[in-house]
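Here is a protein chain to explore together, with its sequence and its 3D structure side by side. Take a moment to turn the structure around before reading on.

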Amino acid sequence: MKLVFAIINSDDSGSVSRSLTKNGFSSTRLATTGGFLMAKNVTLMVGVDEEKVSDVIEIIKEHCHSRKQLISTSTGVGREFPTGMPVEVNVGGATIFVVDVDQFQRV
């Protein structure tokens, strides 16, 4: 068994969760905050048999999209830009971790 952790943009979380459920995968949703922009994210945890991991990843890829966002450098993003000058950064997409599960029990 594997545990898939997917850190996704909160804007994409609804469609990912619905698609996972529609395809027979259960998930646990955690509200999280990203470190770089301190933006709201969602971390999904999906326990799945090893042969289904690629199916889960494909669903996540299908529904998570990167987007560009303007941020002010006064938020402490970098020192190479004058204070207050907006910088365009890519946000969204997904960060996915797949880990082995040594033991699984429902109690």
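Let us begin with Lys-2, which counts as buried because its relative accessibility is 16%, under the 20% cut-off for that word. The model you are looking at is a predicted one. Lys-2 is found in strand S1, and its side chain is joined to that of Asp-100 by a polar contact of 2.2 Å. Leaving out residues up to four places away in sequence, Lys-2 touches a number of others, among them Val-46, Gly-47, Val-53 and Val-99.

**The overall plan**

Now zoom out to the protein chain. Two helices and six strands make up its list of elements, and along the sequence they follow the pattern β-α-β-β-α-β-β-β. The protein chain has 107 residues, and 31% of them are buried. Take the contacts between residues at least 6 apart in sequence: 64% of these join residues at least 24 apart.

**The sheet**

In which order do the four strands of the open sheet stand? The order is S2-S3-S1-S6, and the pairing is antiparallel. Strand S2 (28–33) and S6 are at the edges with a single partner strand each, so one side of each has no neighbour in the sheet. On average, neighbouring strands of this sheet are turned by 20° against each other, direction ignored.

Look at S1 and S6 as a pair: they run in the antiparallel sense and are linked over seven bridges. Here you can find Phe-5 standing opposite Phe-97 in S6.

Strand S3 is also the place of Leu-44, which counts as buried because its relative accessibility is 1%. Not counting residues up to four places away in sequence, Leu-44 touches residues including Val-4, Phe-5, Val-16, Leu-20 and Thr-28.

**The two helices**

At the far end of S1 (residues 2–9) from where we started, you meet Asn-9. Is Asn-9 buried or exposed? Asn-9 is buried, with a relative accessible area of 13%. At the start of H1, a side-chain oxygen of Asn-9 comes within 2.8 Å of the backbone nitrogen of Asp-11. Leaving aside neighbours within four places in sequence, Asn-9 is in contact with Asn-41, Arg-67, Gly-92 and Gly-93.

Helix H1 has 13 residues and spans 19 Å from its first C-alpha to its last, close to the 18 Å expected at 1.5 Å a residue. Its buried residues are Asp-12, Ser-13, Val-16, Ser-17, Ser-19 and Leu-20. These buried residues pack against S1, S2, S3, H2 and strand S4 (66–72). After H1 comes Gly-24, with a positive phi near 85°.

The second helix, H2 (residues 53–63), has Val-53, Val-56, Ile-57, Ile-59, Ile-60 and His-63 as buried residues. Why do the buried residues line one face of the helix? Looking down the axis of H2, you would see them fall within an arc of 155°, so they line one face. The face turned away from that buried side carries Lys-61 and Glu-62, which are exposed. The cover over the buried residues of H2 includes S1, helix H1 (10–22), strand S3 (40–48) and strand S6 (94–100). H2 lies across S1, S3 and S6, and runs at about 5° to S1.

**A loop residue**

For a contrast, visit Ser-26 in the loop between H1 and S2. Ser-26 counts as exposed because its relative accessibility is 61%, over the 50% cut-off. Even so, Ser-26 touches Met-45, Val-46 and Gly-47, when residues up to four places away in sequence are not counted.

**Four residues at a glance**

The table gathers the relative accessibility of the residues we visited.

| Residue | Relative accessibility | Class |
|---|---|---|
| Lys-2 | 16% | buried |
| Asn-9 | 13% | buried |
| Ser-26 | 61% | exposed |
| Leu-44 | 1% | buried |

Two C-alpha distances are also good to try in your viewer. Ser-26 and Met-45 are 8.7 Å apart in space with their positions 19 residues apart in sequence counting. Leu-44 and Thr-32, which are 12 residues apart in sequence, lie 9.9 Å from each other.

Conventions: Residues are numbered from 1 along each chain as its sequence is written. This is a predicted model: local features need pLDDT of at least 70, side-chain atom pairs count only at pLDDT 80 or more; totals for chains, interfaces and linings use all residues. Side-chain values use heavy atoms; hydrogens and water are left out. Buried means under 20% relative accessible area, exposed over 50%, partly exposed in between (1.4 Å probe, protein chains only). Contact means heavy atoms within 4.5 Å. The arc is that of the directions from the helix axis to the C-beta atoms. Two strands pair if DSSP finds at least two bridges between them. Axes are lines fitted to C-alpha atoms, for helices over the stretch in contact, and angles run from 0 to 180 degrees between N-to-C directions. The expected span of a helix is 1.5 Å times one less than its number of residues. A polar contact is a pair of N or O atoms within 3.5 Å; within protein, one must be able to donate a hydrogen and the other to accept it, and residues adjacent in sequence count only if both atoms are side-chain atoms.
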